[in-house]
Amino acid sequence: KRPAGAPDAALARPIQRVGVVGAGLMAGQFALLFAKALRVPVTITDIDAERVERGLSYIRGELDKQVAKGRLRPEDAAAVKELVVGTTDKADFADADLVIEAVFEELEVKKKVFAEVEAVVSSECILATNTSSLSVTAMAADLTHPERVVGFHFFNPVAVMPLVEIVATEKTDDAVVATAFALAKGLRKTAVLVQDAAAFVVNRILLRLMGEIQNAYDDGTPALVADRALRPMGLPMTPFTLLEMVGIPVAQHVMESLHAAFGDRFRVSANLQRLIENKVTGLWVRNDDGSL
Ligand code: CAA
């Protein structure tokens, strides 16, 4: 097991170029954050040009919104837009100091991505994963340099959630962990070092609450009722609203990992599984005006 503290900050290496694998909701959000907070070039990739373009337009759109709100100067938005480029070829990561992935939450998919990235990057390049619940140790197991792998887990919405969980395996190099902490600081996030255990710390706690609401839903309480019942509790977001924001399939994957690791405490919702199978993405718990 790793020690509880962060290693010596002096070991941290500079991050001057970032690669992001996946151009979906999470990846788009943190690609934007890397470019905006660190002002370093960020290259995003996905399985096809359409997905890459969708990721880039999300980033441009968010920057435009910030300009419209008066939060960002137009010239700064333009500079950040210049920093983010898209590609469908992972070979374009050759100069990256850090490549972070947020692809489909399945171990084999993530292992394949890391193997492909390792084939093109330098031996110093750090491979980070934004997995919410999978084993980082298993993800690194077949790589030539498993010591370069670290978990760097953001929360949704990335721009405002202050925490990052840094997951170090028994093999992760101290310099890699130190760099992850320095990176979190550069992104103005609070970092905690967590064990490589199913769903780490935050989701393990959060999903106890979410799981109990889902049990009520499975037992016949309508989603809207279960959600509304919790509104007076003063949570920043009620559980099903949060579930919609995170994405039902993503949350279900986290619950599956927790069920596999701690089956006595976590149960996978049959009702949510049916929604996923029917490609239903919402639970209709929003306010009448559509706001969350
Ligand atoms: N993207 C970017 N910024 C956002 C945003 C989004 N999706 N949603 C809200 N914001 C920003 C707003 O622009 C606003 O910023 P300004 O003050 O600069 O304008 C700020 O957040 C506050 O927003 P609001 O006043 O509209 O709303 P709020 O006070 O209700 O806060 C919230 C919104 C911070 C999202 C709050 O509802 C919250 O904390 N919700 C819980 C979120 C949470 O628990 N996330 C963890 C999910 S689990 C996960 O992600 C892990 C996983 O692995 C699956």
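**The ligand shell and the two domains**

Sixteen residues surround the ligand, counted as near if the C-beta atom, placed from the backbone, lies within 6 Å of it. Of these 16 residues, Ser-132, Asn-156, Pro-157, Pro-236 and Met-237 come nearest. The model is predicted: local features need pLDDT of at least 70, side-chain atom pairs count only at pLDDT 80 or more, and totals for chains, interfaces and linings use all residues. Residues are numbered from 1 along each chain as its sequence is written.

The shell around the ligand holds 13 nonpolar, three polar and no charged residues. Here Ala, Val, Leu, Ile, Met, Phe, Trp, Tyr, Cys and Pro count as nonpolar, Asp, Glu, Lys and Arg as charged, and the others, Gly among them, as polar. At least two shell residues come from each of helix 7 (202–218), helix 9 (239–246) and helix 10 (248–261). Helix 10 gives the most, with three. Helices (H or I, at least four residues) and strands (E, at least two) are DSSP runs, numbered from the N terminus.

The domain assignment, automatic or from a database, gives domain 1 (9–194) and domain 2 (203–277). Both domains give residues to the shell, so the ligand lies between them. Their C-alpha centres are 27 Å apart. Six residues of domain 1 are in contact with nine of domain 2 (C-beta atoms, placed from the backbone, within 7 Å). On the side of domain 1 that touches domain 2, two residues are nonpolar, three polar and one charged.

Over residues 200–280, the chain is 67% helix and 0% strand. The C-alpha atoms at the ends of this stretch are 28 Å apart.

Notes
Two residues are in contact if their C-beta atoms, placed from the backbone, lie within 7 Å.
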